[in-house]
Every structure is written in structure tokens, then in C-alpha cells.
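Please open the model in your viewer and keep the sequence panel beside it, so that each selection can be followed in both places. The tour goes from one selection to the next, with a short account of what is there at each stop.

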Amino acid sequence: MASNREFEEQRSRLWDISYRVTGSVADADDALQEAWLRWERLPDGSVDDAGAFLRTVVTRICFDMMSSARARREIYAGPWLPEPLVTEGGPEDRATLDDTVSVAMLAVLQRLTPAERTAFILHDVFAVPFVEIAETVGRTPAGVRQLASRARRRIREEAPSRSTDRSEHQGAVEAFLAASTGGDFTRLLKILDPDVVWRSDGGGLVTAARVPVVGHEKTAYFVQQVMQWIDLSTARILRREVNGAPGLVLIDRTGLTIVLAFTVHDGFITEIDAVVNPEKLRHLHM
């Protein structure tokens, strides 16, 4: 059997790749489990480069997953957002945010073709050589280079501008929380960018906006409705890291959970992504 130690040394990196490619915690977990099952069947010492071998295996597994996932998303009810990563505390020694795992960026990545997304993530995020990626996606190295270039161009066009300064992001989220829970409409307008976008992912399972809410006045009004809807007198509002950046988790007395991820630029909130779909929150232990 292949070495368990070698697999464990790669586990974190493999999961990070899988999550970025699929946008799903459950799929990333399943991809790693399947990769492990294939790995343990190999004779010990039969693979020269465990990292390259396992990257190829897990990426191909994700490729198979994406075919069915893409079909499901074509009939998805309302905006599709990735399953959020929620943790209690942020890295105190890190002053900047990782844009590649933000909810807004992952949503843009999911609009690319599976091959484009894989080429971009493996090369631009994880510095995997084009030759290795070519073997994974069944293209030539030159073809993979073109895939990554197309992905890069679309990301520049579609991904929102975002501050990487943690303190700036945190300040905007705190201002949003104070204004929204205090019912201060004017103060809420001041922290929202004039062209702010609110997206809700309820998956058709719970009440959520089926189309994005655009503009600071419409968004501020919508936020106030949400705050009234969840009953602040009994709800729990938790400050949490959401995909590596300060965010919020709202839990009302019925158990309804809303995970809020924010995009901040020049001190203003430009995007708010609200994940309400309970199927995308099953992995959370609040």
C-alpha cells in the first residue's frame, strides 16, 4: 500500500485545489476521499512524485464532478454561490486577504469552462507547470497556456475590485453591522457603494432574492427587510471569517442560517453574497 504519510503531506494542498475547482466543500471532501482510495491501492514506492500524481488524480476526479454540476447549475433557482468556508478567527499575523478563495472570486471562477478554471487555478494560484496541467485536462501545454490566458482575461473583466487590506475590510463589515442592526438607513447608505450588488443563494429551498439587488438604496432597503425578517431580538449574530475574510453569520430562533460574505473596495462595500441554502451550510457547526 502507498504511504499514508505522503498522502497526508499533500492533503491540505489537494483540498485547497479541489475546493477552488468545484466551489463545494462536500465535493472537495469526496474528491479527496476518492483520491485516497486510489492512492492506497498502489504498491508502496511505485510513484516517484507523490504531489504531481495526486494533483492529477484529484483534479481529474473534480473534472468528472463538474460535468454533472454544470448541468445542475443551469437549472439552479436564483444566483449560484459557492459553499462558504466559515471559521471562528482570522490569522492575526496576516494583514492581507487571499482573493483567490473569496466567495465573489469563486463565483466568477464557476462561470469559466471546467478546463479554463482548472488551468487558471493550477497554474496561477498553485504554480503548477503547464506540462503537468496538460496531462490532467487532456490538452497540449500550448493549449493549456491559452486556457489560462482566456481565464485570466475573463477574471479581469468580471471579478470585482477588492481591497486586500484586512483592517479596511473589517472596518466596513463592522460599520455595516452597526447600521443594519441599528436600523440606521442613512448610515447604511454611507458604507454601501452606489453600485453595490446583493446576491442571495437560497437554492429554491428557502426564501431569497431570485435576482441580484443592485444599487445602495435598494440594497439598504433589502437589508433592513432581512433584519426584520430574522427577528433581531432573538437572533444570534456572529462575527466569523468567511472564506478568509471578515464576514457575518446570522442565526434566527428557527435555526435559519445566513452566511454573509463581503467585497470591500476603497472603504465601501461593493458586493454582499448571502448564502441561505441549507444544503450548502450542512458542513457548518455553529
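## A pair of strands to begin with

Select residues 236-242, which form strand β4, together with residues 245-251, which form strand β5, and you will see two strands that pair in the antiparallel sense over seven bridges. Bear in mind throughout that this is a predicted model. Strands of a sheet pair through backbone hydrogen bonds, either parallel or antiparallel. To follow the pairing residue by residue, pick V242, whose bridge partner in β5 is A245, and then R240, whose bridge partner in β5 is G247. Where the chain turns from β4 to β5, the hairpin has two residues between the strands, and N243 takes a positive phi near 50°.

Stay with A245, which has its place in strand β5, and ask whether this residue is buried or exposed. A245 has a relative accessible area of 3%, and because buried means under 20%, A245 counts as buried. Leaving aside residues up to four places away in sequence, A245 touches L97, R162, H169 and R240. If you also select R117, which is 128 residues from A245 along the chain, you will find the C-alpha atoms of the two separated by 22 Å. Widen the selection to the whole of β5, and seven of its seven residues are buried, so this strand is largely enclosed by the rest of the structure.

## Out along the sheet

Next, select β6, residues 257-265, which runs antiparallel to β5 and is joined to β5 by four bridges. One place to look is I251, which stands opposite T257 in β6. The hairpin formed by β5 and β6 has five residues between the strands, and in its turn G255 has a positive phi of about 100°.

Now show the whole sheet, which is open and has seven strands in the order β1-β4-β5-β6-β7-β2-β3, with mixed pairing. Which strands stand at the edges? They are β1 (86-87) and β3 (213-214), each of which has a single partner strand, so that one side of each is left without a neighbour in the sheet.

Both senses of pairing can be seen around β2, residues 192-201. With β7, strand β2 pairs in the parallel sense over six bridges, and here D201 stands opposite V275. With β3, strand β2 pairs in the antiparallel sense over two bridges, and here W198 stands opposite V213.

Before leaving the sheet, add helix α10, residues 216-229, which lies across β2, β3, β5, β6 and β7 and runs at about 45° to β2.

## A loop residue with a positive phi

Select D266, in the loop between β6 and β7. Most residues other than glycine have a negative phi, and most peptide bonds are trans. D266, however, has a positive phi near 55° although it is not a glycine, and with 58% relative accessibility this residue counts as exposed.

## Two helix pairs

Turn to helix α5, residues 114-125, and helix α6, residues 130-137, whose axes come within 10 Å and cross at roughly 150°. The two helices are therefore roughly antiparallel to each other, and α5 passes α6 in a right-handed crossing. To see the contact itself, select T118, A119, L122 and H123 in α5, which meet F130, I133 and V137 in α6. By class, the residues of this contact are five nonpolar, two polar and no charged.

Between these helices is A127, in the loop that joins α5 and α6; A127 is another residue other than glycine with a positive phi, here about 55°, and at 63% relative accessibility A127 counts as exposed. Helix α6, by contrast, is mostly covered, since six of its eight residues are buried, and these are F130, E132, I133, A134, T136 and V137. Just after α6 comes G138, whose phi is positive, near 70°.

For the last stop, select helix α1, residues 4-22, and helix α2, residues 25-40, whose axes come within 9 Å and cross at roughly 145°. Here α1 passes α2 in a right-handed crossing. The residues that meet include F7, L14 and W15 in α1 and L32, W36 and W39 in α2, and the contact as a whole has eleven nonpolar, three polar and four charged residues.

Definitions and conventions. Residues numbered from 1 in each chain as written. Predicted model: local features only at pLDDT ≥ 70, side-chain atom pairs only at ≥ 80, totals over all residues. Heavy atoms only, no water. Axes fitted to C-alpha atoms, helices over the stretch in contact; angles between N-to-C directions. Parallel < 35°, antiparallel > 145°, perpendicular 65-115°, else oblique. Left-handed = near helix turned anticlockwise from the far one by under 90°. Contact = heavy atoms within 4.5 Å. Nonpolar A, V, L, I, M, F, W, Y, C, P; charged D, E, K, R; others polar. Pairing = 2+ DSSP bridges. Buried < 20%, exposed > 50% of the residue type's maximum accessible area, 1.4 Å probe, protein only.
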